Amino acid sequence: CIRDSQHLNATWNLFNGRIPYKDFYEHHFPWLYLSSTFIFSFYKSVETNIEQTLSVFKVSRYFMQLFFLMSSILMFKIISLTKDRAYAFIGFLLFITNTIFLYKTIEYRPDVPALFFYLCSIYYFSKKIISNKNKDIFLSYFFYGIAIMFTQKYLITLPALFFTDLYFSKFKNKTTFLITKTKSLAFLIAPFVLTYILFYFLKGHEEFIDQNIVQNFKWKKIASHVYHTETFFKGMPTELAFCFLGLLITAFKSYKNKIIDQRCLFFGVNILWFYVSLLLVPISAIQFYMFVIPSVIFFVIVFLENIKRNELQSLFILIIITVNIVNVYPYYRIKKSAYRQTQEKILEHIASKTKKDDIVFGGNPLFATFRKHIGPYQFIHEGVYLMMPKEEIAYIENSIINKEIIPKLITYDYNITLFSKELNDFIDEHYFMIDGTQFDFHGGYEIKLLQLKEPFIKDNP
């Protein structure tokens, strides 16, 4: 619900005519918002009607599940290009029951459609291996460029595509090679260039670059990658074990036959580079691991393909699916817990007790659902400003203290230093905590929702 809120808020703002990055802060590329604004055309009072508010959350998730279904079909098609359809169906089953996918694709987030277009890229890359037609590699790069325009995370695995493509490129002369690779890069960057041109005409191109690229590279390292790697291994232990065996089988056969399969090299390099790249990025989350899972499934299929006894194959498949279902159950149980009920109570309060044009300030997007939010989300962690420069945050804080900006609601956390002492004192004087909106966020720290005191509103109309 937290992540849904951030992206739904951006989509809602865009639907209401506000330009991303220029009129409101966001640090994700905009294709999720551009492709799903139509959802809000079915609702007339989503800001004040709690039933419509909750309905938007559901519909947006159905939209994501449609992308996930299309992704699973693509996984089937990718495997069936070079392997028996029975193995392709096994890959499909492993895909739709994967714990990490079920955990993350239920949410409205750019990672889900990005996964679909990433698989489109892999599909045409695989076709290029078979057909050796330049059209397929151009489409592969183009769809990869689209995946990046949903989320910058896919820049991480781009070197795997580059390396494999270059390693197997066969041209009669250097001129043909350079022309073909230049065209490939043109197809890759085409979605970005088109998006930049759009924001240039909307006069938001500078903010588009700053918030999506410049400020993202300024993230400070705030979390150990070990934590998410442990979650990844715990989420799909059997698949990773069989993937490792599939990698060993592939390496042995390649060494023995002196032939390297291009798809095996691509998926293998993808896995290897992914873990190397985690050392290069300042922050990771479990959704980062989504784009390595197709490679894992591919090598699970390689392992199963080399088991000659059908009984053993069936047993291994049953073990994987059973472990996945057991692992994902606690997540769905959490979704029905008091944690979810508290979130819905917060949404109900915002819809019923505040107005559409009320301003919200703070680091948690849930508390700003379908309201005007100032500053970035999640800009503070243990007293460190992550995204927006400190000077800009200080400007917003001073604007609040000087009553130039009057937020109706503030997301507040007493356990870590969120704001300056001056703003903390101002909040203590002019805001009060709303009963029932206090909860433990992911077991890490306590969040409260504060509302402006009515006398302050009257004194400062």
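# Exercises on cores, cavities and salt bridges

The count of cavities of 30 Å³ or more comes to two. The model is predicted. Work through the tasks below with the structure open.

## Exercise 1: The second largest cavity

**Task.** State the volume of the second largest cavity, and find which residues line the second largest cavity and which element gives the most.

**Solution.**

1. Start with the volume. The second largest cavity has about 30 Å³.
2. List the lining. Tyr118, Ser121, Ile122, Phe125, Ser140, Tyr144, Leu161 and Phe266 line this cavity.
3. Map the lining to elements. Two or more lining residues come from each of α6 (111-131) and α7 (134-150).
4. Pick the main contributor. Helix α6 gives the most to this lining, with four residues.
5. Sort by class. Six lining residues are nonpolar, two are polar and none is charged.

## Exercise 2: The nonpolar cores

**Task.** Find which members of the largest nonpolar core touch the most other members, and which helix gives the largest share of this core.

**Solution.**

1. Take the largest core. This core has 113 residues.
2. Rank by contacts within the core. Tyr118, Tyr154, Phe232 and Leu304 touch the most other members.
3. Assign the share. Helix α3 (residues 50-80) gives the largest share of this core, 12 residues.
4. Check for another core. A second, separate core of 12 residues includes Ile396, Phe426, Tyr431 and Leu450.
5. Look at Tyr154 in detail. Set aside residues up to four places away in sequence. Tyr154 then touches Asp111, Ala114, Leu115, Tyr118, Tyr144, Ala147, Ile148 and Phe291.
6. Cross-check with Exercise 1. Tyr118 and Tyr144, both contacts of Tyr154, also line the second largest cavity.

## Exercise 3: A salt-bridge network

**Task.** Which residues do salt bridges that share partners join into one network? Is Asp111 buried or exposed?

**Solution.**

1. Note the total. The structure holds 10 salt bridges.
2. Recall the principle. Side chains of opposite charge can pair when their charged atoms come close.
3. Take one pair. Arg109 bridges to Asp111, with the closest N and O atoms 3.0 Å apart.
4. Take another pair. Asp111 and Lys153 also meet in a salt bridge, at 3.0 Å from N to O.
5. Place the ends. Asp111 sits in helix α6, while Lys153 sits in the loop between α7 and α8 (158-167), so this pair ties together parts that are 42 residues apart in sequence.
6. Test burial. Buried means under 20% relative accessible area. Arg109 has 2%, so Arg109 is buried. Asp111 also has 2%, so Asp111 is buried. Lys153 is buried as well.
7. Assemble the network. Through shared partners, salt bridges join Glu107, Arg109, Asp111 and Lys153.

## Exercise 4: A bridge to strand β2

**Task.** Find which parts of the chain the pair of Lys372 and Asp357 links.

**Solution.**

1. Get the distance. The closest N and O atoms of Lys372 and Asp357 are 4.0 Å apart.
2. Apply the cut-off. A salt bridge needs a nitrogen within 4 Å of a carboxyl oxygen. The pair counts as a salt bridge.
3. Place the ends. Lys372 is in strand β2 (residues 372-374), and Asp357 is in the loop between α16 (338-353) and β1 (359-361). The two are 15 residues apart.
4. Check accessibility. Lys372 has a relative accessible area of 32%, so Lys372 is partly exposed.

## Exercise 5: Three residues in their helices

**Task.** Place Tyr87, Thr53 and Ile129 in their helices. Then give the accessibility and contacts of each, setting aside neighbours within four places in sequence.

**Solution.**

1. Tyr87 lies in helix α4 (residues 85-96). Its relative accessible area is 15%, so Tyr87 is buried.
2. Tyr87 is in contact with Ile79, Ile301, Leu304, Glu305 and Gln313. Val302 is 215 residues away along the chain, yet its C-alpha atom is 9.1 Å from that of Tyr87.
3. Thr53 lies in helix α3. At 3% relative accessible area, Thr53 is buried. Its contacts are Val46, Ala351, Thr369 and Phe370.
4. Ile129 belongs to helix α6. With 28% relative accessibility, Ile129 is partly exposed.
5. Ile129 touches Gln262 and Arg263. From C-alpha to C-alpha, Ile129 and Phe168 are 9.0 Å apart in space, and 39 residues apart in sequence.

Notes
Residues numbered from 1 in each chain as written. Predicted model: local features only at pLDDT ≥ 70, side-chain atom pairs only at ≥ 80, totals over all residues. Heavy atoms only, no water. Core = buried A, V, L, I, M, F, W, Y, C linked by side-chain atoms within 4.5 Å. Buried < 20%, exposed > 50% of the residue type's maximum accessible area, 1.4 Å probe, protein only. Contact = heavy atoms within 4.5 Å. 1 Å grid on protein atoms, 1.4 Å probe; cavity = no way out; pocket = protein on both sides within 12 Å on 5 of 7 lines; lining within 4 Å. Points joined across faces, edges and corners; volume = space filled by probe spheres on them. Nonpolar A, V, L, I, M, F, W, Y, C, P; charged D, E, K, R; others polar. Salt bridge = Lys/Arg side-chain N within 4 Å of Asp/Glu carboxyl O.
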